[in-house]
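Load the model in a viewer and keep the selection tool at hand. The stops below run from one chain to the pair and then to the DNA.

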Protein chains: 2
Amino acid sequence: MKTGVENFPRLTKPRRVILEELRALKTHPTADQVYELVRRRLPNVSLGTVYRNLEVMSEAGLIRRIWPGAEQRRYDGDVQDHYHVRCLKCGRIDDVPPGAAGTRLISFLAKPVGYDVTGVYVEYLGVCPACRNVKP
Amino acid sequence: MKTGVENFPRLTKPRRVILEELRALKTHPTADQVYELVRRRLPNVSLGTVYRNLEVMSEAGLIRRIWPGAEQRRYDGDVQDHYHVRCLKCGRIDDVPPGAAGTRLISFLAKPVGYDVTGVYVEYLGVCPACRNVKP
DNA sequence: ATATATGCAAAGACTTTGCTATCGA
DNA sequence: TCGATAGCAAAGTCTTTGCATATAT
């Protein structure tokens, strides 16, 4: 079985434990919840190490971050129905008109079980025209 | 034309200006960007007031918050393709199986927007089974 | 051996809050 | 008028970082 870890820089003790704890969990813990879990097994880990590794491991694709685009809060004066696209390079957010997609969006997707679902948040991710033309 | 403001508690000067600035904008500013804009017209506004009002006005439906569920970062040990449901009462997050939706959504919208769209973030919002049974 | 990662603690970024004066309806 | 809000500044919460030491390969 492929663990994904073989391509990872160094499999240190904290990293191994973080990964194990996260994989054993069906909840979706915050950094400090992970810290508490790890601390039971490695009483001297530091919160900083947990933060650093959660970040590094997300980028390596070993774990997933919810939500990837998380940063500062943003506001929109337009309360009409529409969606947003976020540029992964510069963080810019643009509007996406709802169109036919909007109304059908919900029926496109699998329904969560057990919940009273009142809405869906949808955000497209990509590279904006300006950033696309920038040489790396 | 309906402004939506008529149902709002008090239309104070800061609130009026925040709303005007936000409506005039096609970008999606952060709280402190709004603060800067408002400050040009009301040099004495405080950042706290801007924060408070952005919050109150979002809840009143006068403006929109991107993103509603924003809070602490969460992590997931499962990197397989799937979505999440978030309980708006307790903050709990559960898994939703993927389905073909994601890819369809991308190919559907990628073109019109001008972006190179590489992904979509989808999150359902609702009330979880546990919270549904709690009397208010 | 040695570059990478850790622990610790201090600093940062963003947001919230307590309090008194002020303002809108 | 008078309760809802503003301004101010201090406090909070979550996250990042600098640095000397320890560690995985």
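Helices here are DSSP runs of H or I with at least four residues, strands are runs of E with at least two, and both are numbered from the N terminus. The model is a predicted one.

**Chain A.** Select chain A and colour by secondary structure: 5 helices and 5 strands should appear. Followed along the sequence, their order is α-α-α-β-β-β-β-α-β-α. Chain A has 136 residues, and 26% of them are buried. Of the contacts in chain A with a separation of 6 or more, 50% join residues 24 or more positions apart.

**The pair.** Add chain B. Chain A is superposed on chain B by a rotation of 180 degrees with 0.0 Å of shift along the axis, at an RMSD of 0.3 Å. The two copies are therefore related as by a two-fold rotation axis. To locate this axis from chain A, select A:Val122: its C-alpha is the nearest in that chain, 2.4 Å from the axis. Both copies use the same surface, as 94% of the contact residues of chain A recur in chain B.

**DNA strand C.** Show strand C next, with the 26 residues that surround it. Which of them are the closest? Select A:Pro9, A:Gly48, A:Thr49, A:Arg73 and B:Gly48. Then highlight helix H1 (13-24) and helix H3 (47-59) in chain A, and helix H3 (47-59) in chain B; each supplies at least two residues of the surface near the strand. H3 of chain B gives the most, 5 residues. Coloured by residue class, the surface near strand C shows 8 nonpolar, 10 polar and 8 charged residues.

How values were computed: Residues are numbered from 1 along each chain as its sequence is written. Chains are lettered from A and ligands numbered from 1 in the order in which they are written. This is a predicted model: local features need pLDDT of at least 70, side-chain atom pairs count only at pLDDT 80 or more; totals for chains, interfaces and linings use all residues. Copies are superposed by least squares on the C-alpha atoms of residues with pLDDT of at least 70 in both. Two residues are in contact if their C-beta atoms, placed from the backbone, lie within 7 Å. A residue is near a molecule or strand if its C-beta atom, placed from the backbone, lies within 6 Å of it. Ala, Val, Leu, Ile, Met, Phe, Trp, Tyr, Cys and Pro count as nonpolar, Asp, Glu, Lys and Arg as charged, and the others, Gly among them, as polar. A residue is buried if 20 or more other C-beta atoms lie within 10 Å of its own, exposed if 12 or fewer, and partly exposed in between; C-beta atoms are placed from the backbone.
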